[in-house]
Amino acid sequence: MQENNTITFIFLAILLLLIVIICFLMYQLMQFKKAKDDAEKSFYALEMKVNDLQLETLESKLNPHLFKNILNSIQSHAYQTYFALDKLANVLDYILYESKKKFVTAREEIDFALNLIEINKIKISPLFELKIKTNVNKEDKLYEQPLLAPLISIDLIENAFKHADLQSADAFISVVFEFRDNAFFMTVSNKISNKKVLKKERSGFGHATLEHRLRIIYKNNFKLERFVENDVYIAHLKIDLLEYKTEMLAAGR
């Protein structure tokens, strides 16, 4: 009888020890999970700060770069200065006020891009084919919502004017803006010039800036394609604003 009591006592002691160990392990696991969650939150907050700093750095470099190109275009064709300055005023207003915002509407960005194209037109021959098309569904609920990064259209437009032969009668530039299915589309194409483009110091900055900004802001909710077909350079940008907005709301931003 005493032996049975001893076995029972040992069994209960072992069971109690196991319960204590399990409770301790569960407590440690909970503490580890809490520490992991805190670390993830801290990392996310740090990532957001780094991204904001990167965007501020990129945009502070972008505006002077744009000004320089615009002023060079105006200076080279003084007889069209009055018209160009009128468009430049609109561009300056956009840069000084709207581009300071984190986001603008698709309508505002398209209007800015059209003004920028008008300024660049002073560089081309009267025979040059410049095709501009807008296909916008103004009833789209996201068209007037500020979800588009400002100045996102600069690089594609300036790249086309830089690499096309602007004085050739058989050359062309085509710019198409679309807004449909809660997404912003921009397609820019140009016939590649046979002339060698003078490589300047720090050239290609705009190309790197655009892709960097898109990755930081939209992550997987954009698609940027650049390719050549039959001496025609084509750049196509799509930004899925509905998916981006959904992710922003889910993240509580």
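Is glutamate 118 buried or partly exposed? At 21% relative accessibility, glutamate 118 counts as partly exposed, because buried would require under 20%. I will come back to this residue with the salt bridges. One caution before that: this is a predicted model.

Confidence, then. The average pLDDT of the protein is 78, and 69% of the residues score at least 70. Over residues 197-205 the pLDDT falls below 50, and that stretch has six contacts in the model beyond near neighbours in sequence. Where pLDDT is low, the predicted coordinates should not be read in detail. I will leave residues 197-205, with their pLDDT below 50, out of the rest of the talk.

Now the overall layout. The protein has six helices and five strands. Their order along the sequence is α-α-α-β-α-β-β-α-β-β-α. The chain has 253 residues, and 38% of them count as buried. Among contacts with a separation of 6 or more, 75% are between residues 24 or more positions apart. The exposed area comes to about 15900 Å², with 59% of it supplied by carbon and sulfur atoms.

Next, helix 1, which covers residues 2-76 and includes leucine 18. Leucine 18 is partly exposed, at a relative accessible area of 44%. Leucine 18 also belongs to a nonpolar surface patch of about 770 Å². Its other members are Ile10, Ile14, Ile21, Ile22, Phe24, Leu25 and Met26.

On to the charged pairs. How many salt bridges does the protein have? The count is 10. I will go through a few of them.

Start with arginine 107, which has two partners that I want to show. One is aspartate 111, with the closest N and O atoms 3.8 Å apart. Both residues lie in helix 3, residues 106-120, and they are four residues apart, about one turn of the helix. An α-helix has 3.6 residues a turn, so residues three or four places apart point the same way. Arginine 107 is partly exposed, with a relative accessible area of 31%, and aspartate 111 is partly exposed at 37%.

The other partner is glutamate 144, and here the closest N and O atoms of the salt bridge are 2.9 Å apart. Glutamate 144 sits in the loop between strand 1 (129-136) and helix 4 (154-163), while arginine 107 is in helix 3, so this pair ties together parts that are 37 residues apart in sequence. Glutamate 144 has 43% relative accessibility and counts as partly exposed.

Back to glutamate 118. Its side chain meets that of lysine 121 in a salt bridge, at 3.5 Å from N to O. Lysine 121 is partly exposed, with 34% relative accessibility.

Last on charges, there is a network of salt bridges that links Asp155, Glu211, Arg215 and Arg226. Asp155 brings us to helix 4, where it is one of the buried residues. The others in that helix are Ile154, Leu156, Ile157, Glu158, Asn159, Ala160 and Phe161. Eight of the 10 residues of helix 4 are buried, so the rest of the structure largely encloses this helix.

That leaves the interior. The largest nonpolar core has 50 residues. Those with the most contacts inside it are Phe177, Phe184, Leu214, Tyr218, Ile239 and Leu241. Helix 3 gives the largest share of this core, seven residues.

I will take leucine 241 as the example. Where is leucine 241 found? It is in helix 6, residues 241-251. Leucine 241 is buried, with a relative accessible area of 1%, which is under the 20% cut-off. Which residues does leucine 241 contact, leaving aside its neighbours within four places in sequence? They are Leu142, Leu147, Leu148, Phe179, Asn182, Ala183, Phe184 and Tyr218. Two of these, Phe184 and Tyr218, are also listed with leucine 241 among the core residues with the most contacts. Phenylalanine 222 is 19 residues from leucine 241 in sequence, and the C-alpha to C-alpha distance is 8.6 Å.

To close, three points to look at in the model. Arginine 107 in helix 3 is tied to glutamate 144 in the loop between strand 1 and helix 4. Helix 4 is largely enclosed by the rest of the structure. Leucine 241 is one of the residues with the most contacts in the largest nonpolar core.

Notes. Residues are numbered from 1 along each chain as its sequence is written. This is a predicted model: local features need pLDDT of at least 70, side-chain atom pairs count only at pLDDT 80 or more; totals for chains, interfaces and linings use all residues. Side-chain values use heavy atoms; hydrogens and water are left out. Helices (H or I, at least four residues) and strands (E, at least two) are DSSP runs, numbered from the N terminus. Buried means under 20% relative accessible area, exposed over 50%, partly exposed in between (1.4 Å probe, protein chains only). Contact means heavy atoms within 4.5 Å. Accessible areas come from the Shrake-Rupley method with a 1.4 Å probe; for residues, only the protein chains shown count as cover. Patches are made of residues with over 30% relative accessible area and no salt bridge: like charges are joined within 9 Å, nonpolar side chains (Val, Leu, Ile, Met, Phe, Trp, Tyr) within 5 Å. A salt bridge is a side-chain nitrogen of Lys or Arg within 4 Å of a carboxyl oxygen of Asp or Glu. A nonpolar core is a set of buried Ala, Val, Leu, Ile, Met, Phe, Trp, Tyr and Cys residues joined through side-chain atoms within 4.5 Å. pLDDT is the predictor's confidence in each residue, from 0 to 100.
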